[in-house]
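Student: I'm new to this one, so could you walk me through it while I look along?

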Amino acid sequence: MNGSKVSPLEEHQDVWIGDEFWGFCSGQSNTWEIILAAFIELGEDEQFIKKYRRFFSLNDKADK
């Protein structure tokens, strides 16, 4: 949808949007779905969430 908004670049030649970009980076056709699934899985992983919160809360305190 947004590929036409990058004038003078040509969509599908000079600019890759969404799945095209991720497919180019990985060589796979479903890379965006894999990335999205990984983030969903991480968001449901309580151990990861605890580590993430602990890591970033320590960094916040160190910056103050």
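Student: Which residues does T31 touch, if you leave out those up to four places away in sequence?
Tutor: Leaving those out, T31 touches W22, G23 and S26, and I should say early on that we are looking at a predicted model.

Student: Where is T31 found, and is T31 buried or exposed?
Tutor: T31 is found in helix α2, which covers residues 31–44, and its relative accessibility is 10%, so T31 counts as buried, the cut-off being under 20%.

Student: How do the axes of α1 and α2 cross?
Tutor: The axis of helix α1, residues 19–26, and the axis of α2 come within 8 Å of each other, and they cross at roughly 95°. Because angles of 65 to 115 degrees count as roughly perpendicular, that is how α1 is placed with respect to α2.

Student: And which residues make that contact?
Tutor: On the α1 side the contact is made by D19, W22, G23 and S26, while α2 brings in T31, W32, E33 and I35. Sorted by class, the contact of α1 with α2 has three nonpolar, three polar and two charged residues.

Student: Switching to rings, how many aromatic pairs are there?
Tutor: Searching the whole structure gives five aromatic pairs. One of them is formed by F21 and W22, an edge-to-face pair with 4.9 Å from centre to centre and 75° between the planes.

Student: What about accessibility for F21 and W22?
Tutor: F21 has a relative accessible area of 34%, which means that F21 is partly exposed, and W22, at 31% relative accessibility, also counts as partly exposed.

Student: Why is the pair of F48 and Y52 called tilted?
Tutor: The ring centres of F48 and Y52 are 6.0 Å apart and their planes are at 35°, so the pair is tilted; stacked would need planes under 30 degrees apart, and edge-to-face would need over 60.

Student: Where do F48 and Y52 lie?
Tutor: Both F48 and Y52 lie in helix α3, residues 46–63, and they are four residues apart, about one turn of the helix. F48 counts as partly exposed at 34% relative accessibility, and Y52 is partly exposed with a relative accessible area of 45%.

Student: Which residues are linked into a cluster by ring pairs?
Tutor: The cluster linked by ring pairs is made up of F48, Y52, F55 and F56, so you can look for it starting from the tilted pair of F48 and Y52.

How values were computed:
Residues numbered from 1 in each chain as written. Predicted model: local features only at pLDDT ≥ 70, side-chain atom pairs only at ≥ 80, totals over all residues. Heavy atoms only, no water. Phe/Tyr/Trp six-rings, centres within 6.5 Å; stacked < 30°, edge-to-face > 60°. Buried < 20%, exposed > 50% of the residue type's maximum accessible area, 1.4 Å probe, protein only. Helix = DSSP H or I, 4+ residues; strand = E, 2+ residues; numbered from the N terminus. Contact = heavy atoms within 4.5 Å. Axes fitted to C-alpha atoms, helices over the stretch in contact; angles between N-to-C directions. Parallel < 35°, antiparallel > 145°, perpendicular 65-115°, else oblique. Nonpolar A, V, L, I, M, F, W, Y, C, P; charged D, E, K, R; others polar.
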